[in-house]
Amino acid sequence: MSEEAKLREEICVLAKSLFDRGLTCGASGNISARLSDGTLLMTPTGSSMGFLDPSRISHLDANLQLLSGDRPTKEIPLHTAFYDTRNGTGAVVHLHSTHSVAVSMLPETDPDNALPPLTPYSVMRLGRIKLLPVFLPGDAAMGDAVRGLAGQRTAVLLANHGPVVAGRDLWAAVFAMEELEETAKLTLLTRGLKPSVLTIEEVRAVNKMGQRGTVNLNGSGRE
Ligand code: ZN
């Protein structure tokens, strides 16, 4: 099987897995992945993640011209912003996952560090998560906001909308997205209960283990 055919299949299998677990519903959410020749595969506009057809996945050249498949998602600027600003980005996943969206709406959420460092894996896979403002659906300004981060963040949370996560390949991006949603769930479950988050030293030790980016505890860690 060619690299392209394999990646088309994997996008559909992983998208269905996310959909079946209730991580995004209806026709929400989108996935893109980069092939080694620099072209992009992307889920089509209006498609449901639970019912994708590998042959209809959008294939775009480096200038975002459609090579085959259906027209791509309208949220394409979100995806290209990560590929253009983060070296080594191989895939981008965007969902409308419930717990992450809930966290994005809470007044106490720190826009520069939207989820507390509750678990080593969330720190390792996600680093600090930036909360971005509310945008109208399909607004290209979403992409501009991601570009404004200059490739410093792996994951962002669009307020009242959903998370966007970049990874070195499709599996890494999906696993990081799952970690983000689980951490958002833990954040809500432990909200107001004074959970013991990782200490600054623990976060440093995790970061040393090869994670990209850093976590700024901003005084929220145990001392
Ligand atoms: Zn969306």
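**Entry 1: the aromatic pair in α6**

I began with Phe-175, which is partly exposed at a relative accessible area of 35%. I am working from a predicted model. I then checked Trp-171, which counts as partly exposed because its relative accessibility is 38%. Both values fall between the 20% and 50% limits that bound the partly exposed class.

I looked up how many aromatic pairs the structure holds, and the count is 2. I took Phe-19 and Phe-51 next. Their rings are edge-to-face, with 5.7 Å from centre to centre and 70° between the planes. Phe-19 sits in helix α1, while Phe-51 is in the loop between β2 (40-42) and β3 (58-60), so this pair ties together parts 32 residues apart in sequence. I noted that Phe-51 counts as exposed, because its relative accessibility is 66% and the exposed class starts over 50%.

Trp-171 and Phe-175 make an aromatic pair as well, again edge-to-face. I read 6.0 Å centre to centre and 70° between the planes. These two residues are 4 apart in helix α6, so about one helical turn separates them.

**Entry 2: the sheet**

I traced the strand order next. It is an open sheet of 8 strands, running β4-β3-β2-β1-β5-β8-β7-β6, and the pairing is mixed. At the edges I found β4 (66-68) and β6 (130-132), each paired on one side only. The average twist from one strand to the next is 20°.

I followed the pairing from the β6 edge inward. β6 pairs with β7 in the parallel sense, over 3 bridges. Leu-132 has Leu-158 of β7 as its bridge partner. I then looked for the helix on this sheet. α6 packs on it and touches β1, β5, β7 and β8. The direction of α6 makes about 145° with that of β8.

**Entry 3: strand β8**

I asked myself how much of β8 is buried. Strand β8 covers residues 162-167, and 6 of its 6 residues are buried. I checked its partners on both sides. β7 and β8 are antiparallel and share 4 bridges. Leu-158 stands opposite Gly-162 in β8. The hairpin of β7 and β8 has 3 residues between the strands, and Asn-160 there takes a positive phi near 60°.

β5 also runs antiparallel to β8, joined by 4 bridges. I found Val-165 of β8 as the bridge partner of Val-93.

**Entry 4: the cores**

I turned to the nonpolar cores. The largest has 35 residues. Those with the most contacts inside it are Ile-11, Leu-18, Ile-31, Val-93, Ile-129 and Leu-170. I listed the elements that each supply at least two residues of this core: α1 (3-20), β1 (30-34), β5 (91-94), β7 (155-158) and α6 (170-189). A second, separate core has 19 residues, among them Ile-76, Phe-82, Leu-149 and Leu-158. I had met Leu-158 already, opposite Gly-162.

I then asked which residues Ile-129 is in contact with, leaving aside its neighbours within four places in sequence. I found Pro-111, Asp-112, Asn-113, Ala-114 and Leu-115. I also found Arg-153, Ala-155, Val-156 and Leu-157, and Leu-180 as well.

Note on methods
Residues numbered from 1 in each chain as written. Predicted model: local features only at pLDDT ≥ 70, side-chain atom pairs only at ≥ 80, totals over all residues. Heavy atoms only, no water. Core = buried A, V, L, I, M, F, W, Y, C linked by side-chain atoms within 4.5 Å. Buried < 20%, exposed > 50% of the residue type's maximum accessible area, 1.4 Å probe, protein only. Contact = heavy atoms within 4.5 Å. Pairing = 2+ DSSP bridges. Axes fitted to C-alpha atoms, helices over the stretch in contact; angles between N-to-C directions. Phe/Tyr/Trp six-rings, centres within 6.5 Å; stacked < 30°, edge-to-face > 60°.
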